[in-house]
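Biologist: I should like a close look at a single part of this assembly, with an account of how that part relates to its surroundings. Please set the description out as one connected answer.

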Number of protein chains: 10
Amino acid sequence: MIRSDLTEKLLDIKREKGWTWKYICDQIGGFSPVLLVGALLGQHKLTKPQAAKAGELFGLDKAETAMLNEVPMRGADAVMPPTDPLIYRFYELVLVNGPAWKALIEEEFGDGIMSAIDFDMQMERLPDPKGDRVKITMSGKFLPFKYYGATGNVPAYGYKEE
Amino acid sequence: MIRSDLTEKLLDIKREKGWTWKYICDQIGGFSPVLLVGALLGQHKLTKPQAAKAGELFGLDKAETAMLNEVPMRGADAVMPPTDPLIYRFYELVLVNGPAWKALIEEEFGDGIMSAIDFDMQMERLPDPKGDRVKITMSGKFLPFKYYGATGNVPAYGYKEE
Amino acid sequence: MIRSDLTEKLLDIKREKGWTWKYICDQIGGFSPVLLVGALLGQHKLTKPQAAKAGELFGLDKAETAMLNEVPMRGADAVMPPTDPLIYRFYELVLVNGPAWKALIEEEFGDGIMSAIDFDMQMERLPDPKGDRVKITMSGKFLPFKYYGATGNVPAYGYKEE
Amino acid sequence: MIRSDLTEKLLDIKREKGWTWKYICDQIGGFSPVLLVGALLGQHKLTKPQAAKAGELFGLDKAETAMLNEVPMRGADAVMPPTDPLIYRFYELVLVNGPAWKALIEEEFGDGIMSAIDFDMQMERLPDPKGDRVKITMSGKFLPFKYYGATGNVPAYGYKEE
Amino acid sequence: MIRSDLTEKLLDIKREKGWTWKYICDQIGGFSPVLLVGALLGQHKLTKPQAAKAGELFGLDKAETAMLNEVPMRGADAVMPPTDPLIYRFYELVLVNGPAWKALIEEEFGDGIMSAIDFDMQMERLPDPKGDRVKITMSGKFLPFKYYGATGNVPAYGYKEE
Amino acid sequence: MIRSDLTEKLLDIKREKGWTWKYICDQIGGFSPVLLVGALLGQHKLTKPQAAKAGELFGLDKAETAMLNEVPMRGADAVMPPTDPLIYRFYELVLVNGPAWKALIEEEFGDGIMSAIDFDMQMERLPDPKGDRVKITMSGKFLPFKYYGATGNVPAYGYKEE
Amino acid sequence: MIRSDLTEKLLDIKREKGWTWKYICDQIGGFSPVLLVGALLGQHKLTKPQAAKAGELFGLDKAETAMLNEVPMRGADAVMPPTDPLIYRFYELVLVNGPAWKALIEEEFGDGIMSAIDFDMQMERLPDPKGDRVKITMSGKFLPFKYYGATGNVPAYGYKEE
Amino acid sequence: MIRSDLTEKLLDIKREKGWTWKYICDQIGGFSPVLLVGALLGQHKLTKPQAAKAGELFGLDKAETAMLNEVPMRGADAVMPPTDPLIYRFYELVLVNGPAWKALIEEEFGDGIMSAIDFDMQMERLPDPKGDRVKITMSGKFLPFKYYGATGNVPAYGYKEE
Amino acid sequence: MIRSDLTEKLLDIKREKGWTWKYICDQIGGFSPVLLVGALLGQHKLTKPQAAKAGELFGLDKAETAMLNEVPMRGADAVMPPTDPLIYRFYELVLVNGPAWKALIEEEFGDGIMSAIDFDMQMERLPDPKGDRVKITMSGKFLPFKYYGATGNVPAYGYKEE
Amino acid sequence: MIRSDLTEKLLDIKREKGWTWKYICDQIGGFSPVLLVGALLGQHKLTKPQAAKAGELFGLDKAETAMLNEVPMRGADAVMPPTDPLIYRFYELVLVNGPAWKALIEEEFGDGIMSAIDFDMQMERLPDPKGDRVKITMSGKFLPFKYYGATGNVPAYGYKEE
């Protein structure tokens, strides 16, 4: 059994039962929907209690339940650049705005990155008379580039001087 | 003159003058910093009054100022997957989370996309005792996939039924 | 079951029954043929009533019918550049004419795009003594690039000034 | 001198003079704007009289004028998939709709292609209270796949039988 | 059933029966061997009478026979650059000689292409004491690039003037 | 000086002088036009006498003339898949017909290839009332795959047995 | 001025002066050699005092010195897979051992990554009678994948449970 | 049976039994865990005694056990650039630091490479109050580039002079 | 049945029987081991007598035996650049030394190539106290580039003049 | 100055002087021609005495001479797959024969590689009445894959057992 087989099975059951993601997330609980749905699509692990609940909900056997508790090979089967228009638009945001994000984050925080690991994200519907909007709020820990091995008159670790 | 020549010139002047992006944005005004910096890096156009201010600030000639008012070939010179770690982390977010975003947006809004054109974005510093965070708030208009040519017993235009 | 399995099944049935696309579209109705055929080839969703009709026509079970009502991962399995000559010619049109389309649309409409989501398309046969022609009429909503965060003396939202 | 040098020169002059594409097309005449702008961007040749007019308008020397009358290496410098959002949307239309176009054209016309060479295209602004639309009308000659070498009881040349 | 499954089946039968392509082409008839073999390898369609003969020869069922009469997704499964030495040599001819062919065809015929659709090809063995040669004779209709929308003092349609 | 600089120079002179390829080939002589034009475009070497004639015709210095007598890095600067429609059509012929060519050549000649090195090619205009055709006649020496090291009861060298 | 121009200049001076990297690192100080050399090759920023020392050492002007204090577009100009054998061997280590590293790190630390940002590295020569060895010691902070949005009976933040 | 089938089987058994890699490595023994886990994931061979132990542990048949003793096609199924964040960070280290590693190794050792074949690697957990660290110690034999064929006044074989 | 299925079957049998390649080559005979092993791995054809022997040895049916006598689609399933270190080293030799090989062969032989078709290769173990060496001796027929169509004062066919 | 500038300069001088590679190698000496020519084409370093001789021969300044003594970024500017037919044939040998080489080397030597670093190569002309042959003799040190960390009953270091 490979992870995409399990994903296919979960989607088959969801389809047959007529469940929504909201219903499934409510049954499993514990994480934000983005993480839970991502886990069921094979991009994250569930905790043991969550995997147990998912296993019960979907009627999985022991090995399938264990697989939901494993860290998957993330990004497997992703096609880049994305061919799906919904996902491509996010890709395009990176393509077009990447250099500006880099310039502004570095000016504000110094040399480093916004973590994609210590990272949170909420998705909301923003009612708007001109057409509702998708609102996404993300926050990632800023990780300063560490300059080790420093000696003498410059700070050795995680300095912020420019 | 091609756009990247102008970008190189603007960065040379910024470097020689010791200006920050914040200072430059304050001088030009009118847009959020993400858009203004993006425009100066060759990814967006400035309005005529903005281009005039930028031209004055950087000491540009008439043609250079006009070029800032042109829509550039967006994404030119971008490398994908990004090699720079700061930009790559955003790419990775799309790679890993794309399918979950698709599933949740479609369940909430129906078939369609979050526009990357009618799109707004704010970047903030979020103080955190465990390490400050980069907070990004984005909102894009939801654009429902239009099914034209409908006849008979299903709605013809921009229906939301599932 | 993945979407391409379902597509393969639908094509097998169409082949065995000897149906034309025209016949199938007439049975399902509601959309233009380009959309209906695209949906059956796994690129769009059908509405619930359409999926029900398709299910009845092709003798599908409940889960297969439900899958036709899901938004697929669009563009999956597409090969780019297209190897099929018929599809490649369209690709070539973009390759060769893209920059001119960009220049003319931006001069006429300002900064923005022609939507590929709020988009309609008709295909007709144009009799011509030198050889019939394929006539394609497309119209997509122009989406102006929004410049948010505007302050002071330039318009803040969806301006059209150049 | 290579073609992109000439294109860069033409755009520099256009920028300095403050000309629109419409003005330039009116001065040169003879083709639709899509073709004329494409030719000036290095994707098509101009006829000799057109090249002469362009040469006069832009103040070109003899060799530059001659180059405008040469068939360029079409598609040179194009980036695929396109990074610019405006051009990408057209690419996406091919990506998502290509198989449906193929199915419908072949059902209507038989085996063959829509020519991208014997091809015409108009672009118009379609006023719409919900937002103006870009209307594109294309027509390409249908070229039936020729099956040569036929003998006996099937037609030898350009048959339409299925 | 997808086309490559059918191709695999046909090759299995050919192998078990010990048939040559020549024998198979003689049984089906109607096209040149290049077209017939290409069709059986999944790159072209057969006419209905040809498909019927092929179906009888190979003992196919109705749906398999119908598939041979469908236009396949040409080029599917092709690997480019070709890894097989025999096919690569043709690719190399295009790689090395493409620009010269372009220059000479355009000087002789004007702006346009040699059609790969209205195209014929013969393959012969040319005895030669230094080693026999493969002789290939191709002829494709020249398709002039059409410049539509012409007005005033240049010809409007399919002109040949330079 | 690199080869593409020399090619650019030759094309500049050709353009300024208003020469045709036919005129240039007549002046240099000795090879078929496909080879001569290919050599001037940087894909082949000229013999010393030919290079001397070309040097005189174009007014080249000693080093430039010597470069024309060098074997260039063939295929340099070629873009594959070709973006230019004229060259792409040849590429498409390989893409679509490659497997059939392989099957037929191997059935006729045994295991081996058609040489792209010991190779000749003529291009002609074929008048045709339905539109003139480009006729291309190629012949390449068949090179049998050599199976060395053979011992015992199978032929050791260049056998033709199947 | 772009960063690779500055790198080229620094290498020209190093070559003309006959300096070693060791000498240069001793003059600038403050970081480990891997970081300092990386910075001079355009992959990291130097601190202001370091940039000042480097500017004095290499005789740079104010803008060049400022550029050394900027965060560069990391990875620019890198070729992947690396063509240089020395760099390729590191790439191969990732290619071959990546899955085992993932399995072992995740078993020991849980879901997360080894940071490439909060990262230190030493390189030493390890004398060995069979041939000296390159010893590399790296340590990167383990960053646990954060699961935000947790509710109810599973830990909300940075949990370690499996 | 292909190697990835065997890997899938081993992981299924590990999952069903609830074994850790540590337990499995202890049972098989003889290599460092990085090598053992790599071998079970299809990247290395086990020795015959190790394969026998693994066969017993996992209940494999003779052919499966023999396959564990074969050198696999290393790197098969690896995706590069890696999509999984944990593996990508190692790739990024090569991307960003490759040129500096090359410069320093060559300055210290002369022309050559660090072997990825005669190579050892340990992975440890480094407790750190700011967050534990992954410590990796690698050592690879330095392989000097051999310059054969030397004659006269320079050393002929494996010289170290610069 | 496709060729890789047959290869998988042959390897399964070899593994179960515990045969070496040497043993298998001795049973089949007639070619050098490089060719025989290549043929069994799906890269070459065997002669009929060889295929018969192989069929008997491996217990193949008639169709499988016939497939061994067919010219396969060479290079199918090869991954380039090779991920396996053993194969990659050969690729690297071409990458690094290709231009020098070209320069030296052309200086010695004139314009042409070393055939990869009329090609022989031996592999030996070269005992060496510093570590045994792999010795490879290859010889390929030099194929002069033919310049056809020559007229007048240069030789017309296969000339060697420079 | 970057390495390709120096290569271009060396080739310009060679061309102007009319030197052969043989003449140049004789003047510099010390390495086999493959290595010397490779070094002058920017793929290897020369020793200091060799660089001095080359500098004198070509009239280089101090920095250019120093650059010849540096290890270049090998493989820079190489195009893979090679477009030049002479180099491509070597690439094809790897593509087609790679798996057989792997099988035979591993059976003879065990797990490991043939070094591309401790590697020697000779090129000779082999007279043959059917056409002279290019003979290439290569020998590379076999590097056994080292399995470190071994414990207990299997050898710890560089074992040869299978």
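Modeller: Just after helix α4 of chain B, B:G59 adopts a positive phi of about 70°. The model is a predicted one, and the helix that precedes this glycine repays attention. Helix α4 of chain B spans residues 48-58, and its buried residues are B:Q50, B:A51, B:K53, B:A54 and B:F58. These residues lie on the same side of α4(B), because the arc they cover around the axis is only 160°. Buried here means that 20 or more other C-beta atoms lie within 10 Å of the residue's own. The packing partners of these buried residues are three helices of chain B: α1 (3-17), α2 (21-28) and α5 (62-68).

The relation of chain B to chain A comes next. A turn of 180° with a shift of 0.0 Å along the axis lays chain A on chain B, with an RMSD of 0.0 Å. The two copies are thus related as by a two-fold rotation axis. Within chain A, the C-alpha nearest that axis belongs to A:T137, at 2.3 Å from it. Of the interface residues of chain A, 98% are also interface residues in chain B, so the copies meet through the same surface.

Chain A itself is divided into domain 1, covering 3-68, and domain 2, covering 85-144. The C-alpha centres of these two domains of chain A are 27 Å apart.

For the strands, chains G and H may be taken as the example. An open sheet of 4 strands runs in the order β1(G)-β2(G)-β2(H)-β1(H), and the pairing is antiparallel. Its edge strands are β1 (112-126) of chain G and β1 (112-126) of chain H, each of which pairs on one side only. From one strand to the next, the twist averages 20°. In general, strands of a sheet pair through backbone hydrogen bonds, in either a parallel or an antiparallel sense. Within chain H, β1(H) pairs with strand β2 (residues 133-144) in the antiparallel sense over 11 bridges. In this pairing, H:M114 stands opposite H:F142 of β2(H). Helix α6 of chain H, residues 85-109, packs on the sheet. This helix touches β1 and β2 (133-144) of chain G as well as β1 and β2 of chain H, and its direction makes about 20° with that of β1(G).

Note on methods: Residues are numbered from 1 along each chain as its sequence is written. Chains are lettered from A and ligands numbered from 1 in the order in which they are written. This is a predicted model: local features need pLDDT of at least 70, side-chain atom pairs count only at pLDDT 80 or more; totals for chains, interfaces and linings use all residues. A residue is buried if 20 or more other C-beta atoms lie within 10 Å of its own, exposed if 12 or fewer, and partly exposed in between; C-beta atoms are placed from the backbone. Helices (H or I, at least four residues) and strands (E, at least two) are DSSP runs, numbered from the N terminus. The arc is that of the directions from the helix axis to the C-beta atoms. Two residues are in contact if their C-beta atoms, placed from the backbone, lie within 7 Å. Two strands pair if DSSP finds at least two bridges between them. Axes are lines fitted to C-alpha atoms, for helices over the stretch in contact, and angles run from 0 to 180 degrees between N-to-C directions. Domain bounds come from an automatic or database domain assignment. Copies are superposed by least squares on the C-alpha atoms of residues with pLDDT of at least 70 in both.
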